[in-house]
Number of protein chains: 2
Amino acid sequence: MTGALFIIGLGPGAPELVTPEVSAALAAVDDVLGYFPYVERVPARPGLTRHGSDNGDELARARQGLALAAAGKRVALVSGGDAGVFGMAAAAFEVVEGEPGFAGLDIRVLPGISAMFAAAARVGAPLGHDFCAISLSDNLKPWDVIAARLAAAAEAGFVVALYNPISRARPWQLDAAFDLLRPLLPGDAPVVFARAVTRPDEAVAVVPLAEARGQMADMRTLVIIGTAETRQVARPAAPPFVYTPRRMA
Amino acid sequence: MTGALFIIGLGPGAPELVTPEVSAALAAVDDVLGYFPYVERVPARPGLTRHGSDNGDELARARQGLALAAAGKRVALVSGGDAGVFGMAAAAFEVVEGEPGFAGLDIRVLPGISAMFAAAARVGAPLGHDFCAISLSDNLKPWDVIAARLAAAAEAGFVVALYNPISRARPWQLDAAFDLLRPLLPGDAPVVFARAVTRPDEAVAVVPLAEARGQMADMRTLVIIGTAETRQVARPAAPPFVYTPRRMA
């Protein structure tokens, strides 16, 4: 019996956005571990043990998955979106680095449709030109680093996708980010608030940066901030398309 | 008969990475348009007209797709990876903006697994912390903008994913990018050259920035450049894992 660890991105939510590669792996594993709303996306079946856990302590969760794989189990460690983007993949390799006995295991990362690409697709192509992704959580890095990255991105002309924009424990960072960006970008630069894209409670809004407020987001929102180049295209009886041209004006 | 335009990301190449949403759309369309190697990924079948075209003139291709949709056809406009990332989606909305008659059409973007996430998954989690994507093509923007973005990204601590790193017509830009980054990053920062990931001729290499050379890439290579924080984890009888920790040291 040879164990294996599959580090899996479940995509934004809809089953139609789970890759066949991921579906095949999930059908073959003995154990699935992850933050409980993600684990619940994997249907119960005989032979599958589901280990849902609370948010936080990703390292302990990764270590548990690696230990199960080392004991011969086939294990899925799941994240929403793509596990390599502010998900469980980096946590798992951090554990492997600290406990080299795990390095000989069969460990595979299976990519997923990220929240940023699902959100972008919903409104058009806001990430059509150079862009960056920043986690707004200051649990793992200082706020001054986040602020410097936001400013650098805006000044250099990157569209910005914000992960982890807000939470009960971090209520002020998103407004601080908008305040920091307002002097650097036009007031009409579009800000996309894409909540729970592809889920039944999906809600998408586009507002100008001048009117963007932290309270427009929650923990399940992906925020995309356009540049001076980002365009809006009106359409009948529907919100505008938002896209960033490939060619600089 | 009501037409529709689906702007589709086919993923990096392997059928296992095509989402069920995309497969369903491709099974239902009348016409598929795109750069010919992508169109060839969509199997011929009765009722499907395949319009492969050479690279370049994405706007003409997008206009043709929109015109077919306006004439009542169900049309797929395909890109590799995710169509919203240096793909056909931005081109299509650029045409719609210029020809507002198209704005009332049923236009949907279906996300795909991007080359950068497939490449990252292959080596570990190099994009596990803040990152950016830059097209190195200076066909659509001036080189000094590209150079400024590379420097801003490195100085601010973003991992950089480089699209369109090199081509016969643009042979010097990738070496220029490495030369620009070398004074800003440690010489041992890992550079991932991920060619044709998930295709039969896949080839992945990891070299330190000090040794990275433009000739290590071709048109089908996605290049990821780590930061001072990016780590390598040795493993037996295999290339090292590469990951960027979530927590700043």
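## A tour from one ring outward

Begin by selecting B:Phe36, which has a relative accessible area of 36% and is therefore partly exposed, since that class lies between 20% and 50%. Bear in mind throughout that this is a predicted model.

Next, add B:Tyr35 to the selection; with a relative accessibility of 18% it falls under the 20% limit, so this residue counts as buried. The structure holds 19 aromatic pairs over all chains. In the pair made by B:Tyr35 and B:Phe36, the ring centres are 5.4 Å apart and the planes stand at 65 degrees, which is over 60, so the arrangement is edge-to-face.

Staying with aromatic side chains, select A:Phe86, A:Phe117, A:Phe131 and A:Tyr163 together with B:Phe86, B:Phe117, B:Phe131 and B:Tyr163, because these residues form one aromatic cluster under the ring-pairing rule, with members from both chains.

Now colour chain A by its domain assignment, which gives domain 1 as residues 4-113 and domain 2 as residues 116-243. Nine residues of domain 1 of chain A and 10 residues of domain 2 of chain A take part in the contact, and the centres of the two domains, taken over C-alpha atoms, are separated by 28 Å. The area buried between these domains is about 680 Å², with carbon and sulfur atoms giving 68% of it. To see where the contribution of domain 1 of chain A is concentrated, pick A:Pro12, A:Val85 and A:Phe86, which supply 57% of the area that this domain buries against domain 2 of chain A, more than any other three residues. A:Phe86 is also one of the members of the aromatic cluster visited above.

Across this domain interface the rule finds zero salt bridges, although two residue pairs are in polar contact, both at pLDDT 80 or more. On the side of domain 1 of chain A that touches domain 2 of chain A, the residues divide into six nonpolar, two polar and one charged.

Finally, show both chains and turn to the interface of chain B and chain A, where each chain brings 68 residues to the contact. Between them the chains bury about 5,700 Å², 65% of it on carbon and sulfur atoms. Select B:Leu140, B:Arg149 and B:Arg246, which supply 14% of the area that chain B buries against chain A, more than any other three residues. From B:Arg246, move across to A:Glu58, with which it forms a salt bridge whose closest N and O atoms are 3.3 Å apart. The count between chain B and chain A is 10 salt bridges, and the rule also finds 24 residue pairs in polar contact across this interface.

Terms used. Residues numbered from 1 in each chain as written. Chains lettered and ligands numbered in written order. Predicted model: local features only at pLDDT ≥ 70, side-chain atom pairs only at ≥ 80, totals over all residues. Heavy atoms only, no water. Domains from an automatic or database assignment. Contact = heavy atoms within 4.5 Å. Buried area = accessible area lost by both parts, 1.4 Å probe. Salt bridge = Lys/Arg side-chain N within 4 Å of Asp/Glu carboxyl O. Polar contact = N/O pair within 3.5 Å; in protein donor to acceptor, adjacent residues only side chain to side chain. Nonpolar A, V, L, I, M, F, W, Y, C, P; charged D, E, K, R; others polar. Phe/Tyr/Trp six-rings, centres within 6.5 Å; stacked < 30°, edge-to-face > 60°. Buried < 20%, exposed > 50% of the residue type's maximum accessible area, 1.4 Å probe, protein only.
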